[in-house]
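Here is a small set of exercises to work through with the coordinates open beside you. Try each task before reading its solution.

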Amino acid sequence: MSAWDIILAEAPRFFTWWNLRFLALAVVNTLVASVAGCAMGYAAGFALAMLRLPQLMGFAPVRVLAILWVETFRRIPFLVLLLLVFFLSQFARLEAPLWAVAVTAVALRMSALAAENIRAGFETVRPTQWEAALTMNMPALTTLRRIILPQSWRVILPPSIVHVLSMVKETSLVSQIGFIEITFAAKMLTQRGFSALLTYGTALVLYFCVSWALASLGRWAERRLTLRPARLTP
Amino acid sequence: MTLQYGQILQYLPDFLLGALMALWIAGLAFAGGLLIGLFGAAALTYGAWPLRAAVTAYVRFFTYTPQLVQIFFLFFALPEAGIILSPITAVLIGMTLNAGAYLTEIERAGFTSVPQAELDAAETLGFSRLQTIWYVIAPHVVRALYPALSSHYIIMTLGTSMAAIFGVEELTGRALNANAISFRSVEIFSVVAVMYIVLTIIASTLLWLVGRWLFRVKAKVF
């Protein structure tokens, strides 16, 4: 039987209400794990980028620690990081649910990527702006919030959406610890006897749709942010 | 329960071989991807619209779906159509096609980095086509592409860890084997994590040095 015959023969049995609901749940799980992990990762990454600002952190050791954190977590493969978090939670007898392990691993990886992204955004603002604000006795944190951030978030936002997109794809590795996201759902359906062509094909289509939506959002954001003249940057 | 690193010392030579294998897999897939990327970028820049549409579809498909599922598809779904691949072949084909998609996008950016004025100048000076490519176009393209290509190679080295899922014995695969024998999970995976960090730092530094000496690229690599 050719591939096409297999798909045609199995499709009615595959696309049942139960299977579709199961796959929809898997898509939601994928999105929740990646978006929640990214949100936490971005919060941590923001803190890390702040630690690396010489204007905010007077002493160098803290900056070194922040750099070490970033270099560590961006150089560990996501699969290894995930397994490490998974086994550490077992070792510490945390009884952590699988989604918590998944979100923690995503957040750790994201914190490193986000820190670099946010730092790059901060660096597009000229240091003279810091100097001017600090000379006028504006507190450093207020300077960051009212002067640096409004100028740098246009640079930070578009790559952030790309990061969420790449995390959505990397969560496919979470299937290895048994969290029911798209890839694991496809694997389960294969084990129920459905054709792998159909199950993994459907998984690919689902990922493609999610990524397409996110990428369109990213392009839209980028267009919107860059079309308007950036009056704030001299 | 305490951490016992002593027990896993015996696995270190095995892990080192695995690390070399990770570099080798990434290198092979990267080389293939570079070639696909060259054709893809040329097609996108100079091709007719049906060719451009086909290349765009290829790039979109491979960049919008996870590499893991692509390899799952090659490994589990293709046998139903009569094509049976060994784990390492499936991983290599999957990684090469995936790299080809990303490198098409990267290399296309490099093609556009040559200023028209320099091409005009080369023509005025009577450069041959080969001379123009070698002395004018290549330096620009290499300098523009080198950091992005090097970073992608490092990212691909990290990506080889997913080959373990298919039973390929690179670094992560060997770690999983050692874990199945000794059950020292935290120790093994923390050591492996450190090995990946050291491996990529060495690779980044080497690529950075090569870039500085050969192509005078000053940018940081990964």
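## Exercise 1: a buried threonine

A:Thr183 has a relative accessibility of 0% and therefore counts as buried, the term for a relative accessible area under 20%, with exposed for over 50% and partly exposed in between (1.4 Å probe, protein chains only). The model is a predicted one, in which local features need pLDDT of at least 70 and side-chain atom pairs count only at pLDDT 80 or more, while totals for chains, interfaces and linings use all residues. Residues are numbered from 1 along each chain as its sequence is written, chains are lettered from A and ligands numbered from 1 in the order in which they are written, and side-chain values use heavy atoms, with hydrogens and water left out.

**Task.** Place A:Thr183 in its helix, and find what A:Thr183 touches.

**Solution.**
- Step 1. Locate the residue: A:Thr183 belongs to helix α8 (residues 182-191) of chain A. Helices are DSSP runs (H or I, at least four residues) and strands likewise (E, at least two), numbered from the N terminus.
- Step 2. List the contacts, meaning heavy atoms within 4.5 Å. Leaving out residues up to four places away in sequence, A:Thr183 touches A:Ser172, A:Ser175 and A:Tyr207, as well as B:Leu68, B:Val69 and B:Phe72 of the other chain.
- Step 3. Look for a polar contact (a pair of N or O atoms within 3.5 Å; within protein, one must be able to donate a hydrogen and the other to accept it, and residues adjacent in sequence count only if both atoms are side-chain atoms). The side chains of A:Thr183 and A:Tyr207 make one at 2.7 Å.

## Exercise 2: the interface

**Task.** Describe the contact of chain B and chain A: how many residues does it take from each chain, and which elements of chain B give two or more residues?

**Solution.**
- Step 1. Count residues: chain B contributes 41 and chain A contributes 39.
- Step 2. Get the area. The size of an interface is often given as the accessible area lost when the parts come together. Here chain B and chain A bury about 3,500 Å², with 75% of it on carbon and sulfur atoms; the value is the accessible area (1.4 Å probe) that two parts lose on being put together, summed over both.
- Step 3. Break down the chain B side. Two or more residues come from each of α2 (49-64), α3 (67-77), α6 (129-159), α7 (171-182) and α8 (185-215) of chain B. The largest share, eleven residues, belongs to α8(B).
- Step 4. Sort by chemistry: the chain B side has 27 nonpolar, eleven polar and three charged residues. In this scheme Ala, Val, Leu, Ile, Met, Phe, Trp, Tyr, Cys and Pro are nonpolar, Asp, Glu, Lys and Arg are charged, and the others, Gly among them, are polar.
- Step 5. Check the pairs. Eight residue pairs are in polar contact between chain B and chain A (both at pLDDT 80 or more), and zero salt bridges are found across the interface.

## Exercise 3: salt bridges in chain A

**Task.** What joins A:Arg119 to A:Glu123, and how far apart are the closest N and O atoms of A:Arg74 and A:Glu71?

**Solution.**
- Step 1. Apply the rule: a salt bridge is a side-chain nitrogen of Lys or Arg within 4 Å of a carboxyl oxygen of Asp or Glu. Over all chains, the structure holds nine.
- Step 2. Take A:Glu71. A:Arg74 forms a salt bridge with A:Glu71 at 3.0 Å between the closest N and O atoms, and A:Arg75 forms one with A:Glu71 at 2.9 Å.
- Step 3. Add the setting. A:Arg74 and A:Glu71 sit three residues apart in helix α3 (residues 60-74) of chain A, so about one helical turn separates them. A:Arg74 is buried at 9% relative accessible area, and A:Arg75 is buried at 3%.
- Step 4. Turn to α5. A:Arg119 and A:Glu123 form a salt bridge with closest N and O atoms 3.1 Å apart. They are four residues apart in helix α5 (residues 98-123) of chain A, so about one helical turn lies between them. A:Glu123 is exposed, with 54% relative accessible area.
- Step 5. Join them up: salt bridges with shared partners link A:Arg52, A:Glu116, A:Arg119 and A:Glu123 into one network.

## Exercise 4: a leucine in α7

**Task.** Is A:Leu144 buried or exposed, and which residues does A:Leu144 touch?

**Solution.**
- Step 1. A:Leu144 lies in helix α7 (residues 140-170) of chain A and is buried, at 3% relative accessible area.
- Step 2. Not counting residues up to four places away in sequence, its contacts include A:Phe46, A:Met50, A:Leu56 and A:Trp130.
- Step 3. A:Leu144 and A:Leu56 are 88 residues apart in sequence, with 8.9 Å between their C-alpha atoms.
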